[in-house]
Amino acid sequence: MAALVASSSAATDSLQEQIHADFKAGRAAEAVTLLQQEAAKGNPEAQYGLGILYDKGLPEAKIPQDESQAFHWYSLSAQNGYAPSQNNLGFLYYTGRGAAKSDADAFHWYEKAAQQGNAMAQYNLGAMYFHGQGTKKDLAKAFELYKQSAEQGNVTAENNLGYLYEHGLGVHRDFKEAVHWYERAAKSGEDYAQRNLGEMYEHGVGAHRNYKHALTWYKKAAEQGHAHAQMKLGKLYEHGWGTTKDLVEAYAWYWVATEGGNAKAKEALAHLTPQLSTAQVTEARDRASHFVIKKQS
């Protein structure tokens with residue numbers, strides 16, 4: 001089980017070790033009791049741990065998912081200055097879970113956590129500046145916060161930073177920097193970044209046009225269920241760009257993307273269908289259905 005208490009001192013290290021040992025030995029109830037005892041003493045890490053448990057629920061310790069209890073413990077921990085709890089409390093306010101939805105309160109707690117260097121809070125705060133939620137829209141501030149988060153390895157922030165560079169939002173447009181940040185996030189498995197990087201290679205923006213690279217990144221995103229990347233992959237197979245032309249494979253990816261709600265894939269499918277025999281359409285549907293089954297398993 002993931003750590004519920006973060007190390008901050010020798011005493012906390014000992015507490016964390018005991019909690020891990022209890023969970024590993026199947027003594028979930030004992031671990032929860034220890035957390036409750038420490039939380040009652042005002043230990044912010046233990047309060048955060050209880051918040052996580054109630055946020056997710058832990059049936060083996062008879063801890064139900066209870067958003068109001070998660071809110072309670074995150075609040076105590078956040079007020080004690082614990083950044084992860086401040087971020088999570090902000091998220092509860094942002095989503096209206098366990099408390100009335102409040103962008104202003106979400107912004108307040110995200111800001112406190114971000115000021116302590118919490119990467120997730122930096123990303124969340126950046127998103128609020130980007131959309132003008134809980135504060136005045138400020139793309140330069142969004143850029144600054146996304147960059148702080150991205151430099152700590154937050155893959156969603158890396159992708160968003162690439163997007164800002166690509167479109168010149170809050171920063172001077174720089175396609176090479178966009179490719180750099182998309183690539184960082186794409187290599188970590190972020191499907192939107194993989195799609196975005198594929199497009200940069202397809203169109204030769206920020207990098208030399210390379211259909212093989214585009215196909216590679218579209219496929220990685222497509223296999224994660226990204227409908228736009230599935231449509232793009234179908235297009236490359238249809239035209240034989242970066243790969244051998246394969247209309248059956250193109251149909252299969254267009255069909256999967258159409259099932260995912262992609263309108264362009266639906267149009268492409270209608271255009272491609274008359275070019276295939278009934279047997280080819282059946283084969284393409286079979287390939288596509290196997291992919292869908294794999295994703296659902």
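Trainee: How many of the 13 residues of α14 are buried?

Mentor: This is a predicted model, in which local features need pLDDT of at least 70 and side-chain atom pairs count only at pLDDT 80 or more, while totals for chains, interfaces and linings use all residues. Residues are numbered from 1 along each chain as its sequence is written, and side-chain values use heavy atoms, with hydrogens and water left out. With a 1.4 Å probe and protein chains only, buried means under 20% relative accessible area, exposed over 50%, and partly exposed in between. By that cut-off α14 is mostly covered, and its buried residues number 11.

Trainee: How far does α14 reach from its first C-alpha to its last?

Mentor: Helices are DSSP runs of H or I with at least four residues, strands are runs of E with at least two, and both are numbered from the N terminus. The expected span of a helix is 1.5 Å times one less than its number of residues. For the 13 residues of α14 the expected value is 18 Å, and the reach in the model is close to it, at 18 Å.

Trainee: Which helix gives the most to the largest nonpolar core?

Mentor: A nonpolar core is a set of buried Ala, Val, Leu, Ile, Met, Phe, Trp, Tyr and Cys residues joined through side-chain atoms within 4.5 Å. The largest one has 91 residues, and L58, Y146, Y251 and Y254 have the most contacts inside it. Y251 and Y254 are among the buried residues of α14, as are W253 and W255. With 10 residues in this core, the top contributor is α14.

Trainee: Leaving aside neighbours within four places in sequence, which residues is Y254 in contact with?

Mentor: Contact means heavy atoms within 4.5 Å. On that basis, and without the sequence neighbours, the partners of Y254 are M231, G234, K235, E238, A265, A268, L269 and L272.

Trainee: How many helices and strands does the whole chain have?

Mentor: The C-alpha atoms fill a box of roughly 70 × 45 × 35 Å along the principal axes. Of the 297 residues, 47% are buried. Among contacts with a separation of 6 or more, 45% join residues 24 or more positions apart. The count of elements is 16 helices and zero strands.

Trainee: Which residues lie closest to the centre of the largest pocket?

Mentor: On a 1 Å grid over the protein atoms alone, a pocket is an open set of points where a 1.4 Å probe fits, with protein on both sides within 12 Å along at least five of seven lines, and lining residues have an atom within 4 Å of a point. Grid points are joined across faces, edges and corners, and a volume is the space filled by probe spheres set on the points. The largest pocket holds about 290 Å³. Its lining has 17 residues, and those closest to the centre are Y163, H167, Y182, R195 and N196.

Trainee: Which elements give two or more residues to the lining of that largest pocket?

Mentor: Here Ala, Val, Leu, Ile, Met, Phe, Trp, Tyr, Cys and Pro count as nonpolar, Asp, Glu, Lys and Arg as charged, and the others, Gly among them, as polar. The lining has eight nonpolar, six polar and three charged residues. The elements that give two or more are α7 (119-131), α9 (155-167) and α11 (191-203).

Trainee: What is the relative accessibility of Y182?

Mentor: Y182 sits in helix α10 (residues 175-187). Its contacts beyond four places in sequence include Y163, N196 and M200. Y182 counts as buried because its relative accessibility is 0%.

Trainee: How far apart are the C-alpha atoms of M200 and F175?

Mentor: M200 lies in helix α11 and counts as buried, at 2% relative accessibility. F175 is one of the residues that M200 touches, along with E166, A178, V179, Y182 and V205. The two are 25 residues apart along the chain, and their C-alpha atoms are separated by 8.6 Å.

Trainee: Which elements do the buried residues of α4 pack against?

Mentor: The buried residues of α4 are A70, F71, W73, Y74, S75, S77 and A78. They pack against α2 (28-40), α3, α5 (83-95) and α6.

Trainee: Is K62 buried or exposed?

Mentor: K62 lies in the loop between α3 (44-56) and α4 (67-79). Its phi is positive, about 60°, although K62 is not a glycine. With a relative accessible area of 77%, K62 is exposed.
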